[in-house]
Amino acid sequence: MAKKPRIVIIGAGMAGLTAANKLYTCESSKELFELCVVEGGTRIGGRINTSEFGGDRIEMGATWIHGIGGSPIYKISQEIHSLESQQPWECMDGFSTETKTMAEGGFVLNPSIVDPVSKLFDSLMDFAQGKLNEPSTCEKNDFYNLAVKAFKLCTSNGKPSELSVGSFLRQGLNSYWDSVKDQEEVKGDGSWSRKLLEEAVFAMHENTQRTYTSAGDLFTLDFNAEREYQMFPDEEITIAKGYMSIIRHLASVLPPGLIHLGRKVSTIEWQPEGYKSRQMENGYTLRPVKLHFSDGSTMLADHVIVTVSLGVLKAGIRQDSSMFKFNPPLPSFKTEAISRLGYGVVNKLFLQVSPSNECDIFSKGSSNFPFLHMAFHRSDYELRNEKIPWWMRRTASLCPIYKKSSVLLSWFAGEEALELESLSDEEIIDGVSTIISSFLSQPHKKEESNSHQLCNGNNNVNHVESSEVKFTKVLSTKWGNDPLFLGSYSYVAVGSSGEDFDIMAKPLPEISSSCESTAIVPPLQILFAGEATHRTHYSTTHGAYFSGLREANRLLQHYHCVYF
């Protein structure tokens, strides 16, 4: 006798709910197997968490649809009418083109400084990602040649397989400086020169790239894997009704009671090859996988789809881990891939400006608080403003979340993101107020003639007294120390490769070609889904979505269901 196979999905985020949705809605699935989703937290969504702040809809986690051309997330958003809302939402007007790039000390930078460095950075990243072909225009050709030169210099000085994005970018900047070394060095304000400003603008773009990739240090981000990463074409947008509308849609087909909240798995007990099947009990063969929960309860399953984050898996393979582990431990090919891949922390900081400031700062038809891009002195530079805290120096921007919004947003990655999680609201407000003071509150300074070639001073920015800017609320995300996630999303670290994502996706146990072996080892006991299991769309919600479909289809094919 045999019971219906039981499939348990660990995690009610994008991957888990996509798999559950596919399995439950497949024809005849209800007669073929039992389905259950266990979620360690008190809500569904995982690293998707739409919230409200200052009357606006915001995203605490996943924020963007990365290209609407062919994106399944965009298609679902259209189908469920999530792209329009009466309530204002984060980045509702897209990427602002009305940005102000300013240098520490309160200087608006001239396009003659910002534009060449920005084009250089974009060209270097395009080259790294395989998107930059030899162009026809002279200006673009210059940047293409610099990218080629930087790549040749990097690979001649070391192993190409160990090249990082960070080292390639910095070699590109050095090559750029070599190409303009005959250009007269212009001195600006006493603490700035052209070269220092160019380096600060370049670092600003690097810091933005850190939040895109979650790599706290771009010198740990693998260069060669950049070309495998794929983005959908067309514009990037946010979801008016919030990313949680997608999650709720996926979960809406599941009957009450199928998702179990507050069920945190502590151990997955499974049967690798060579491990004899469990004995019979009451005439039934016991299921091969046993889940142990933190409250001491257990659950048997035939198949488990694991969708926990790479951060949780990394913690789980440590010998001293008591949070989440496998018994017996995962095979070495799996643990080595888990160890090699990168996984970082990205956090967002929201601040609401006091209504008493809004008439001064957010009036006259547009926000007087600029979409501020910040170029800082190096942290070791002796003329830096020492009052600016170290954790603010590697954030690239401080901007309203849309025009006229009283909510400001800043992004943090790496050590700064973790530091943000440890700070009190008062410490955060003090740090941001120091930024406003340094960038926007400096009294007008008399410009020297040569300084004007680099900076416009601050006379083109509305004067904002930091003492007048008061914040009523602060909200920061805390993905790094949340035990259910332990970070934000994955990246290809130096020493790993796209192949490691394929290894992450392999189910267990690995079945040998021996018929005798396959007869005693139940197949597809543990399957893996989540953004860190997709080779070309890692770090994204659509990557998680695709992985959930992949594992659901794997099981449906196993049971010979029609799953197309």
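Two strands are taken to pair if DSSP finds at least two bridges between them. On that footing, this predicted model contains an open sheet of 5 strands, arranged in the order S9-S2-S1-S15-S24 and paired in the parallel sense. Its edges are formed by strand S9, residues 259-261, and strand S24, residues 526-528, each of which pairs on one side only. When direction is ignored, neighbouring strands of this sheet are turned against each other by 20° on average.

At the S24 edge, the neighbour is strand S15, which covers residues 303-306 and is joined to S24 by 3 bridges, the two strands running parallel. Within this pairing, Val306 has Phe528 of S24 as its bridge partner.

Two helices can then be placed against the sheet. Helix H1, made of residues 14-25, lies across strand S1 (6-10), strand S2 (34-39), S9 and S15, and it runs at about 155° to S1. Helix H16, made of residues 541-558, lies across S1, S15 and S24, and its direction is at about 145° to S24. Strands S1 and S15 are thus among those crossed by H1, and they are also crossed by H16.

Another set of pairings involves strand S6, residues 99-103, which pairs with strand S19, residues 371-375, in the parallel sense over 5 bridges. In this pairing the bridge partner of Met102 is Met374 in S19. Strand S6 is also joined by 2 bridges to strand S7, residues 107-108, but here the strands run antiparallel, with Ala103 standing opposite Phe107 of S7. The hairpin of S6 and S7 has 3 residues between its strands, and in this hairpin Gly105 takes a positive phi near 110°.

Turning to a helical residue, Gln209 is found in helix H7, which spans residues 194-213. Gln209 counts as buried because its relative accessibility is 9%, and the cut-off for that label is under 20%. Leaving aside residues up to four places away in sequence, Gln209 touches Phe121, Met125, Gln129 and Leu218.

Finally, the confidence of the prediction should be kept in view while reading these features. The mean pLDDT of the chain is 88, and 85% of its residues reach 70 or more. Over residues 362-367, however, pLDDT stays under 50, although the model has 16 contacts beyond four places in sequence for this stretch. Residues 458-463 likewise have pLDDT that stays under 50, and for them the model has 17 contacts beyond four places in sequence.

Methods: Residues numbered from 1 in each chain as written. Predicted model: local features only at pLDDT ≥ 70, side-chain atom pairs only at ≥ 80, totals over all residues. Heavy atoms only, no water. Helix = DSSP H or I, 4+ residues; strand = E, 2+ residues; numbered from the N terminus. Axes fitted to C-alpha atoms, helices over the stretch in contact; angles between N-to-C directions. Contact = heavy atoms within 4.5 Å. pLDDT = per-residue confidence, 0-100. Buried < 20%, exposed > 50% of the residue type's maximum accessible area, 1.4 Å probe, protein only.
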